[in-house]
Amino acid sequence: MDTRVPIISSLMLIVNLINGGSPTWHNWSENYACSGTIMSPRTKDELIAVITDAAQKNHKIRVIGSGHSLNDIACCDDLLISLKNLNEIISINQAKQQVTVQAGITLEKLSTLLAQHNLALSNLISITEPTLGGAIATASHGTGHTGTISSFITQMELITADGVIHRLSLDSDVSAFHAACVSLGTLGVLYSITLQCESLFKLEYRKSSISIDDLIVRFKQLHEENNFFQFRWNAKTNMAIIEFWNRVSFDAPVSESVQYSYEALACEKGKICGPVLCSEIAISVDLLSEAMKTIKAFVQKWQHNGKEISYINGRFAKADQHAYLSPCADYDVIFLNINTVVDQRYYEVLQDFEQCMYTLKGRPHWGKNHFLDYEKAFALYGDNLLYFIEVKKRLDPNDIFSNAYIAKIFDKDIFKRIK
């Protein structure tokens with residue numbers, strides 16, 4: 001029985017599980033909990049042993065990272081694997097500027113260690129507490145002229161339920177590589193990831209305000225003329241805060257406005273005071289003007305109904321060329337995000353926002369609150385979803401790495417159509 005539970009309480013109290021037990025794990029936002037057994041292997045061999053033992057018992061397996069996904073993607077009442085002890089750099093190739101790391105490393109630790117070797121990722125997500133494996137599995141992203149974090153992968157080691165280590169790259173099992181770059185944790189357990197880096201660099205930060213009408217006219221120019229650009233639209237005032245990060249000479253002294261890239265781009269560090277639920281939808285960057293009109297009507301509707309929508313954030317990402325299930329798999333996108341606190345109507349508000357963006361072929365962020373099922377996922381991803389399921393059928397034929405979240409996306413009936 002799947003006893004993962006949504007926790008819908010303004011006090012954030014974990015409700016009783018269906019089976020009357022106590023949860024052993026809950027996500028950061030405390031809106032989901034489950035009672036699986038948590039194992040934290042310390043070596044690759046231990047990890048393989050844990051996986052194969054559970055698989056032989058036909059137990060479900062999910063990997064838990066830092067728990068920053070706002071949905072039940074990690075929930076399972078059989079085995080929860082934590083990679084917190086597998087969090088080190090394995091090797092660095094300075095000539096190629098590539099690093100191979102264990103999947104349990106947090107983005108914060110990874111960035112700090114890379115800087116010690118004068119290296120950096122070309123982009124980061126705005127919070128750095130998530131593990132690299134979790135960020136990859138959910139297509140986490142920053143803003144700028146790169147794809148998601150997954151776009152930096154050159155090779156992976158994936159351990160499947162039979163204990164086999166699959167070394168995936170564009171030169172080895174290409175279809176599995178395309179699937180594993182954004183896997184939702186449903187193919188196996190990532191042990192190691194090799195990432196393409198670049199030389200450590202510095203960024204200068206500045207911000208200003210602009211009317212939303214001017215932003216709609218100028219957003220492409222602002223995006224193209226700056227290395228990293230994002231906006232925060234105040235729906236109550238019809239004004240937006242626009243933020244920019246641009247490369248400067250490495251000799252520029254560190255100051256309040258000039259920082260190393262990994263520190264500058266972690267712009268939410270210390271700002272998130274408590275659990276927040278949100279919907280984040282990727283739409284083609286060419287549809288932003290139309291999306292803004294749709295969002296304006298959405299905000300006005302909910303304000304009229306007594307539910308305040310304060311801010312809408314916008315961040316940019318290039319098309320991911322090597323990930324079937326990346327929200328930006330086919331084209332450049334803008335991710336539009338709304339936040340809300342947990343109350344009696346949060347579910348309804350987020351669902352309505354997703355439906356508004358669905359009319360624009362908006363693809364929800366896999367790690368945020370969303371309401372996708374197989375039919376909607378197929379409408380948004382088309383053949384890419386079928387390609388992914390072919391890999392899933394091959395690498396995890398017994399659905400060991402699954403849960404209710406996964407089953408809802410990968411409808412069992414589709415397997416019958418794949419011969």
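How many of the 419 residues of this chain, as a percentage, count as buried? The share is 57%. Keep in mind as you look around that the model is predicted.

**The chain as a whole**

Let's start with the wide view. The secondary structure comes to 11 helices and 21 strands. If you take the contacts with a separation of 6 or more, 71% of them are between residues 24 or more positions apart. On the outside, the chain exposes about 17600 Å², and carbon and sulfur atoms supply 49% of that area.

**A three-stranded sheet**

Now find the open sheet whose strands follow the order 4-6-5, with parallel pairing. Strand 4 and strand 5 stand at the edges, each with a single partner strand, so one side of each is left without a neighbour in the sheet. From one strand to the next, the twist averages 30°. As a reminder, strands of a sheet pair through backbone hydrogen bonds, either parallel or antiparallel.

Here is where to look for the three strands:

| Strand | Residues |
|---|---|
| Strand 4 | 37-39 |
| Strand 5 | 61-64 |
| Strand 6 | 79-82 |

Strand 4 and strand 6 run parallel and are joined by three bridges. You can spot M39 standing opposite I81 of strand 6. Lying across strand 4, strand 5 and strand 6 is helix 1, made of residues 44-56. Helix 1 runs at about 170° to strand 6.

**Two helices that cross**

Further along, look at helix 9 (residues 374-381) and helix 10 (residues 383-395). Their axes come within 6 Å and cross at roughly 115°. Helix 9 brings Y374, A377, F378 and Y381 to the contact, while helix 10 brings D383, N384, L385, L386 and I389. Sorted by kind, the residues of this contact are seven nonpolar, one polar and one charged.

**A close look at T160**

Finally, zoom in on a single residue. Where does T160 sit? T160 belongs to the loop between strand 10 (153-159) and strand 11 (165-169). Is T160 buried or exposed? With a relative accessibility of 1%, T160 counts as buried, because the cut-off for buried is under 20%.

Which residue shares a polar contact with the side chain of T160? The partner is D162, whose side chain is joined to that of T160 by a polar contact of 2.6 Å. Leaving aside neighbours within four places in sequence, T160 is also in contact with I51, H166, L187, G188, L395 and F401.

Notes. Residues are numbered from 1 along each chain as its sequence is written. This is a predicted model: local features need pLDDT of at least 70, side-chain atom pairs count only at pLDDT 80 or more; totals for chains, interfaces and linings use all residues. Side-chain values use heavy atoms; hydrogens and water are left out. Helices (H or I, at least four residues) and strands (E, at least two) are DSSP runs, numbered from the N terminus. Buried means under 20% relative accessible area, exposed over 50%, partly exposed in between (1.4 Å probe, protein chains only). A polar contact is a pair of N or O atoms within 3.5 Å; within protein, one must be able to donate a hydrogen and the other to accept it, and residues adjacent in sequence count only if both atoms are side-chain atoms. Contact means heavy atoms within 4.5 Å. Two strands pair if DSSP finds at least two bridges between them. Axes are lines fitted to C-alpha atoms, for helices over the stretch in contact, and angles run from 0 to 180 degrees between N-to-C directions. Accessible areas come from the Shrake-Rupley method with a 1.4 Å probe; for residues, only the protein chains shown count as cover. Ala, Val, Leu, Ile, Met, Phe, Trp, Tyr, Cys and Pro count as nonpolar, Asp, Glu, Lys and Arg as charged, and the others, Gly among them, as polar.
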